[in-house]
There are 2 protein chains.
Amino acid sequence: MGSETPRRQARGQQRIQQILHAAAAIFAERGYDAATTNAIAAQAGISPGSLYQFFGNKDEIARALATHYAEQLRGLAAETFAPSPAATADLDELVDGLLTQLIAFNIEHPGFKALFARTDMPAGLRAAVQPVHASIHERVAALVAGLLADRPPEDTGRIATVTIQLVRAMMPLICEATNGTREALGRELHQVVVSYLRAQGA
Amino acid sequence: MGSETPRRQARGQQRIQQILHAAAAIFAERGYDAATTNAIAAQAGISPGSLYQFFGNKDEIARALATHYAEQLRGLAAETFAPSPAATADLDELVDGLLTQLIAFNIEHPGFKALFARTDMPAGLRAAVQPVHASIHERVAALVAGLLADRPPEDTGRIATVTIQLVRAMMPLICEATNGTREALGRELHQVVVSYLRAQGA
DNA sequence: TCAAAATACGAGTAGATGCTCGCATTGTCT
DNA sequence: AGACAATGCGAGCATCTACTCGTATTTTGA
């Protein structure tokens with residue numbers, strides 16, 4: 001049936017990391033569509049043939065990179081997403097902590113936006129990042145449900161969707177900005193999210 | 001210097017409209033990148049050669065379509081953007097009127113999103129829609145300046161940018177939704193914008 | 001009426017790109 | 001050591017797509 005993935009040697013594991021790192025750089029620089037597999041291979045310092053030793057096609061690279069980001073985000077999230085009563089009590093601080101971490105993450109990993117921040121995605125990319133999207137939504141929905149205990153899951157789910165969308169929309173603007181503009185836009189986003197959630201009853 | 005555009009006959013004017021209409025359909029269906037000029041020509045019922053009789057390249061089609069949309073939007077805007085004191089007095093009604101019109105426009109013209117709602121654009125598309133973007137921003141900034149008379153232009157400009165981004169981000173979600181979900185998301189967007197502007201002092 | 005311009009065609013071209021294939025090299029395991 | 005697997009290469013294939021070009025038809029304008 002399916003082609004089996006070979007037993008990876010240490011060298012192979014390193015190559016995979018190199019490729020993902022290179023892919024992140026190319027995706028960030030050109031966007032997913034315009035990124036060519038040959039360019040990714042060149043950036044990684046290997047031949048196209050070697051690249052396809054480890055990834056069957058372009059979408060698979062995107063999927064692996066998305067999963068990679070998801071794991072890093074999970075680690076970051078564990079600190080901040082924990083719905084400790086003390087934190088959720090102060091909405092301002094909760095949102096501030098989350099956004100600060102998310103903005104730092106997005107600046108540190110410019111490839112993340114290229115995969116996740118697009119409003120319209122080609123089918124392959126959409127499928128690649130869908131699981132990660134779902135996991136993010138689940139996490140945010142849980143947080144919103146904690147903030148708005150009296151609302152049905154249908155409402156909190158929709159509010160989570162909207163909130164994620166707001167953050168996604170602002171992230172490219174924030175990352176591209178420099179100097180004080182970035183901080184100013186970060187404050188705007190904070191105000192957007194907080195005032196929206198407060199209007200919902202948080 | 002530049003190649004002169006031929007004097008258009010009535011037939012040619014019609015063809016141009018046909019092509020723009022076809023391009024809107026193809027852009028809406030596949031997105032800008034995946035839309036091929038041959039597909040646009042086929043949708044318009046003409047040959048590729050005929051298409052290039054009227055447009056020098058793909059970006060030119062996008063630019064013409066963007067301009068076309070901008071004009072329609074200007075007409076729509078004249079009714080709603082007029083900063084009559086009565087309208088601006090009630091923020092809720094002002095935002096409601098604007099969003100209702102914008103949502104209807106986006107649903108009626110699915111090609112609009114494909115050109116304007118993307119967070120990352122290929123260089124050619126970005127250049128094609130930049131003037132239209134600028135004109136929209138100018139208009140919204142004027143409105144925001146009216147609402148927040150005591151803030152410097154630097155602030156109101158940034159607030160306009162953020163507001164536009166929020167609306168852009170939600171529009172695809174709203175358009176793809178059906179039944180009650182669309183109306184629910186529309187109300188969420190309304191609340192997002194209103195509570196954000198109120199938090200700014202409107 | 002008639003020449004010039006505009007419109008129309010569609011097979012074809014040049015370039016780009018995802019991906020392959022045959023073969024060489026390096027590592028692993030016994 | 002020796003066999004087998006993993007890694008590595010890079011020219012090149014198959015395909016796609018923006019765009020062209022030679023030619024035929026229709027419209028314009030005097």
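Reader: What lies 3.2 Å from a base nitrogen of DNA strand C, and why is this called a polar contact?

Author: In this predicted model, a polar side-chain atom of Asn38(A) lies 3.2 Å from that base nitrogen of DNA strand C. A polar contact is a pair of N or O atoms within 3.5 Å, and the pair at Asn38(A) therefore qualifies.

Reader: Which polar contacts reach a phosphate oxygen of DNA strand C from chain B?

Author: One of them involves Ser47(B), where a polar backbone atom is 3.2 Å from a phosphate oxygen of DNA strand C. Another involves Ser50(B), which has a side-chain N or O atom 3.2 Å from a phosphate oxygen of this strand. Both distances fall within the 3.5 Å limit, and both pairs therefore count as polar contacts.

Reader: What makes up the surface near DNA strand C?

Author: Helices H2 (37-44) and H3 (48-54) of chain A, and helices H1 (10-30) and H3 (48-54) of chain B, each give at least two residues to the surface near DNA strand C. The largest share, 4 residues, is that of H3(B). By class, the residues of this surface are 6 nonpolar, 12 polar and 7 charged. Of the 25 residues around the strand, those that come nearest are Thr37(A), Arg8(B), Arg15(B), Ser50(B) and Gln53(B). On the DNA side, 74% of the strand C atoms within 4 Å of the protein belong to sugar or phosphate, and the rest to bases.

Reader: Which residues of chain A make polar contacts with a phosphate oxygen of DNA strand D?

Author: Among them is Arg15(A), with a polar side-chain atom 2.8 Å from a phosphate oxygen of DNA strand D. Gln9(A) places a backbone N or O atom 3.0 Å from a phosphate oxygen of strand D, and Ser50(A) has a side-chain N or O atom 3.0 Å from one. Each value is within 3.5 Å, and each pair is therefore a polar contact. The elements that give two or more residues to the surface near DNA strand D are helix H1 (10-30) and H3 of chain A, with helix H2 (37-44) and H3 of chain B. H3(A) provides the largest share, 5 residues.

Reader: What relates chain B to chain A, and why is it called a two-fold axis?

Author: Chain B superposes on chain A, with an RMSD of 0.1 Å, after a rotation of 180° and a shift of 0.1 Å along the axis. That is the relation of a two-fold axis. In addition, 100% of the interface residues of chain B are also interface residues in chain A, so the copies meet through the same surface.

Reader: What makes a set of residues a nonpolar core, and how many residues has the largest one?

Author: The members must be buried nonpolar residues joined through side-chain atoms within 4.5 Å, and the largest such set has 97 residues. Those with the most contacts inside this core are Ile19(A), Phe27(A), Ile40(A), Tyr69(A), Leu115(A) and Phe116(A). Leaving aside residues up to four places away in sequence, Phe27(A) touches Tyr32(A), Ala35(A), Ile40(A), Ala62(A), Leu65(A), Ala114(A) and Leu115(A). A second, separate core of 36 residues includes Ala24(B), Leu65(B), Ala114(B) and Leu125(B).

Reader: How many helices and strands are there in chain A, and what percentage of its residues count as buried?

Author: Chain A has 10 helices and 0 strands. Of its 202 residues, 47% count as buried, which means that their relative accessible area is under 20%.

Notes: Residues are numbered from 1 along each chain as its sequence is written. Chains are lettered from A and ligands numbered from 1 in the order in which they are written. This is a predicted model: local features need pLDDT of at least 70, side-chain atom pairs count only at pLDDT 80 or more; totals for chains, interfaces and linings use all residues. Side-chain values use heavy atoms; hydrogens and water are left out. A residue is near a molecule or strand if one of its heavy atoms lies within 4 Å of it. A polar contact is a pair of N or O atoms within 3.5 Å; within protein, one must be able to donate a hydrogen and the other to accept it, and residues adjacent in sequence count only if both atoms are side-chain atoms. Ala, Val, Leu, Ile, Met, Phe, Trp, Tyr, Cys and Pro count as nonpolar, Asp, Glu, Lys and Arg as charged, and the others, Gly among them, as polar. Copies are superposed by least squares on the C-alpha atoms of residues with pLDDT of at least 70 in both. Contact means heavy atoms within 4.5 Å. Buried means under 20% relative accessible area, exposed over 50%, partly exposed in between (1.4 Å probe, protein chains only).
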